[in-house]
Amino acid sequence: MPQTADPAAERQAESAEDEVPPRAMRLRSRRVPQRIWNPPAHWRLLGFCLLVLLVVIGFQGFATHTIGSTSEPAGSQVAPLAGKPPVLVARGDRLIGAEPPPGRRIALTFDDGPSPQWTLRIAAELRRAGVAATFFEIGSQAARYPNIVKTLVHDGDEIGNHTFTHVPLSAVPAWEGRMQISLTE
């Protein structure tokens, strides 16, 4: 490597190469890469799908009352068993019912009918054995098969209300619960 006569001139030349004008440095730090402003299509699609998913989850939360205001009454209600005798009593190391045993009785209940395939067959077997049962009927099914319901009533079975479309009453607004029950009645 050839030696230059002036070492100060050499240092000044090296530092001039390393220096960047202040304005150019500011522009370089402000410039956003083109790929940020114009991402590939698969990233746009992913972002759109995530946005749609968040909107659907939010809508479902509001529709099922899992977010937002509740349809349940305020917590100021009195506990339903307040002031009543205990349901269970401790006897030694066991819990037993406080009420006397009901005797040799059993309650037969059948839910979600009437079914044209099963309800009449079950009712015939029960009639043959001389046993009555309770059939909890869905209102929409009872409207489809009214003759089955009439047969059950004629046989002495009890009919229970299982709402019109089998919704959990605690998960719907009070007005919808009343409508579900009254439609089935």
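Which helix does V55 lie in?

## A greasy patch on the surface

V55 sits in helix α4, which covers residues 41–63. Keep in mind that this is a predicted model. With a relative accessible area of 54%, V55 is exposed, because anything over 50% gets that label.

V55 also has company. Together with L45, F48, L51, V52 and V56, V55 forms a nonpolar patch on the surface. Added up, the accessible area of these six residues comes to about 570 Å².

## Strands side by side

Now for the strands. β3 takes in residues 109–113 and β4 takes in residues 134–137; the two run parallel and are joined by four bridges. If you want a spot to start looking, T109 is opposite T134 in β4.

On to β5, made of residues 158–161: this strand also runs parallel to β4, again with four bridges between them. Here E137 has N161 of β5 as its bridge partner.

Where does helix α5 come in? This helix spans residues 119–129 and, along with β3 and β4, makes up a β-α-β unit that is right-handed.

## Two salt bridges

How many salt bridges does a search of the whole structure find? The count is two. As a bit of background, side chains of opposite charge can pair when their charged atoms come close.

One of them pairs E125 with R128, at 2.7 Å from N to O. Both belong to helix α5, and because they are three residues apart there, about one helical turn separates them. On accessibility, E125 is partly exposed at 47%, while R128 reaches 62% and so counts as exposed.

R127 and D155 form a salt bridge too, and their closest N and O atoms are 2.5 Å apart. This pair ties together distant parts of the chain: R127 is in helix α5, whereas D155 is in the loop between α7 (146–154) and β5, with the two positions 28 residues apart. Are these two buried, exposed or something in between? R127 has 45% relative accessibility, so R127 counts as partly exposed. D155, at 26%, is partly exposed as well.

## Pulling it together

Helix α5 is a handy place to center your view. The helix is part of the right-handed unit with β3 and β4, holds both E125 and R128, and carries R127, whose partner D155 is in the loop between α7 and β5. From there, β4 leads you across to β5 through their four bridges. For the nonpolar patch, head over to V55 in helix α4 instead.

Conventions. Residues are numbered from 1 along each chain as its sequence is written. This is a predicted model: local features need pLDDT of at least 70, side-chain atom pairs count only at pLDDT 80 or more; totals for chains, interfaces and linings use all residues. Side-chain values use heavy atoms; hydrogens and water are left out. Two strands pair if DSSP finds at least two bridges between them. A crossover is right-handed if, with the strands pointing away from the viewer, the path from the first strand over the helix to the second runs clockwise. A salt bridge is a side-chain nitrogen of Lys or Arg within 4 Å of a carboxyl oxygen of Asp or Glu. Buried means under 20% relative accessible area, exposed over 50%, partly exposed in between (1.4 Å probe, protein chains only). Patches are made of residues with over 30% relative accessible area and no salt bridge: like charges are joined within 9 Å, nonpolar side chains (Val, Leu, Ile, Met, Phe, Trp, Tyr) within 5 Å. Accessible areas come from the Shrake-Rupley method with a 1.4 Å probe; for residues, only the protein chains shown count as cover.
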